[in-house]
Amino acid sequence: MKEINSSEFEKEVLQAGKVVLDFYSTECPPCEALSSKFDILSTLYGKDVKFLKMYRQGNRELADKLGVKSSPTLLFFDNGKEVAGRLAGGVKRKDIIQNLDSMLPAETVSKISSQIKPTISEYDVIILGAGPGGLTAGLYLCQSKINTVLIDIALPGGHVSTTHEVSNYPGFIEPQAGYLLSHNMSEQTKLCGTVYKVAVDVTKVDLEKKEVIIDEYETIRAKKIIIATGTTPNLTGAPGEKELKGKGISYCATCDAKYFDGKEAVVIGGGNSAIEESEYITRFVNKLTIVHQFDKFTGNKQAQDKVFNNPKINILFENEPRAFIRDGEKIITEIENVKTKERQKLVTDGVFIFIGMKPNIELFKGNLKLDQWGYIKADEDMRTSIPGIFAVGDVTSKKYRQITTAVADGTIAAMAIAKEMD
Ligand SMILES: Cc1cc2nc3c(=O)[nH]c(=O)nc-3n(C[C@H](O)[C@H](O)[C@H](O)COP(=O)(O)OP(=O)(O)OC[C@H]3O[C@@H](n4cnc5c(N)ncnc54)[C@H](O)[C@@H]3O)c2cc1C
């Protein structure tokens, strides 16, 4: 694959036929995650599409002119014109293939597809999920010289990477930016030598056979599997929520609160996340209304006091959302008092929903024992009901879900595995 600079852009890209150009940066984990996929695809598609890369920082003027704002960003060109959609961040193999295929005639696409050979690789341990639980297990296994692969459907970090500040992770006097804490955890595990396969599609998981298929063609086998897939936020289920998700309704204050500077927003929820994130959101908004279904909060006392004393926050207890409606630039949150059934409309600029989580276990149907809420039951060594399968972190049945509890689980599972493999 050829590396070019901005002076060669005209000749190598605009005056060429079909081109895919990767704007990359150094010290950029998603760029590293893309690089191996890009290499493999360049050998498959290289005869029909030219694969190029350009160092973004060194060619900033051109990157800015093209509107490339993050690394990596993949741009596709056909005879000097940009085609297909741009891909950025945790780019998946199947999305690159989709774009490449859209540039080529059907016969070429089917010829290339027939050349894709399935691969099989073997490790001692597969870890599914690169949040704090999976990353810690990866670190301990690696330090015990156990051959481990860490697989994630997204980039490493889990929930921590989207948490604005972490002030309760021991060892840091000052609160740590969540993305930085998770980046450091990930780099420590990667530097040790754990193999990373991130931003991939997990196509199939067979816990009995201890086999995982990623990106449809890559089979990975191991002697043990650690499930560390965490949780996903619950939806309220009110009409309009799905349609407005990412278009005014958010589940991540760190990601989106900054867009509400000087504006007004609603928070739905009353647990730890809801009240802690509300406090954060008031750094930006002028007014915040918290809507909670019960008559009191369930979050920690200290955070509750902050919320009660925050002049920007108005609290509506015993109310539930019934609908979310877009009205021009505004979002109308229709709420209902659970006792009086009276309805009212809150007209604000956006809505944040923090009403709990559900465990990510869809791919592991089978003999795994779950609790009544669908969390995986594990014993004190983090063993599940299936021999050789361990589960750690938020996906397990437990009372408290924190970074510290997830890293503790990861430690225990890895040490139990290391002992077994002695
Ligand atoms: C908004 C918010 C703020 C928080 N603040 C704090 C805090 O200040 N302090 C604190 O201690 N805790 C905090 N927590 C809780 C903490 O983030 C979690 O307890 C912790 O991240 C759990 O780690 P985990 O590894 O179990 O799961 P996660 O962090 O959820 O990571 C799971 C990983 O698995 C991946 N995955 C999912 N499905 C699959 C699949 N099928 N195959 C492969 N990979 C998969 C995901 O992409 C993800 O990377 C917060 C949580 C939230 C949501």
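Start by selecting K341: with a relative accessible area of 52%, this lysine is exposed, because anything over 50% counts as such. This is a predicted model, so keep that in mind as you click along.

**Stop 1: around K341**

K341 sits in the loop between β20 and β21, the latter spanning 343–348. Check its backbone torsions and you will find phi near 65°, a positive value in a residue that is not glycine. Most residues other than glycine have a negative phi.

**Stop 2: back to N337**

Next, select N337, which belongs to strand β20 (residues 330–337). Is N337 buried or exposed? With a relative accessible area of 18%, N337 is buried, because the limit for that class is under 20%. Show its side chain and look for a polar atom lying 2.8 Å from the backbone nitrogen of K339. Leaving aside residues up to four places away in sequence, N337 touches E318, N319 and E342.

**Stop 3: across to E318**

Follow one of those contacts of N337 to E318. Where is E318? You will find E318 in the loop between β18 (313–317) and β19 (319–327). E318 is another place to look at the torsions: its phi is positive, about 55°, although the residue is not a glycine.

**Stop 4: on to D295**

E318 also leads to D295, which touches both F317 and E318 when residues up to four places away in sequence are not counted. D295 lies in the loop between β17 (287–292) and α11 (301–308). Its relative accessibility is 46%, and D295 therefore counts as partly exposed. Now draw a distance from D295 to Y45: the C-alpha atoms are 60 Å apart, with the two positions 250 residues apart in sequence.

**Stop 5: the peptide bond at P72**

Select S71 and P72 together. The peptide bond joining S71 and P72 is cis, with omega about -5°. Most peptide bonds are trans. P72 itself is in the loop between α3 (60–65) and β4 (73–78).

**Last stop: the whole protein**

Zoom out and colour by secondary structure to see 12 helices and 24 strands. Along the principal axes, the C-alpha atoms fill a box of roughly 70 × 60 × 45 Å. The radius of gyration is 24 Å, which agrees with the value near 22 Å for a compact globule of 422 residues. Of those 422 residues, 50% count as buried. Among contacts with a separation of 6 or more, 62% link residues 24 or more positions apart. Finally, colour by charge: there are 54 positive and 56 negative side chains, and the centres of the two sets lie 2 Å apart.

Notes. Residues are numbered from 1 along each chain as its sequence is written. This is a predicted model: local features need pLDDT of at least 70, side-chain atom pairs count only at pLDDT 80 or more; totals for chains, interfaces and linings use all residues. Side-chain values use heavy atoms; hydrogens and water are left out. Helices (H or I, at least four residues) and strands (E, at least two) are DSSP runs, numbered from the N terminus. The radius of gyration is taken over C-alpha atoms; the globule rule is 2.2 Å times the number of residues to the power 0.38. Buried means under 20% relative accessible area, exposed over 50%, partly exposed in between (1.4 Å probe, protein chains only). Contact means heavy atoms within 4.5 Å. Lys and Arg count as positive and Asp and Glu as negative; His and the chain ends are not counted. The place of a charge is taken as NZ of Lys, CZ of Arg, CG of Asp or CD of Glu. A polar contact is a pair of N or O atoms within 3.5 Å; within protein, one must be able to donate a hydrogen and the other to accept it, and residues adjacent in sequence count only if both atoms are side-chain atoms.
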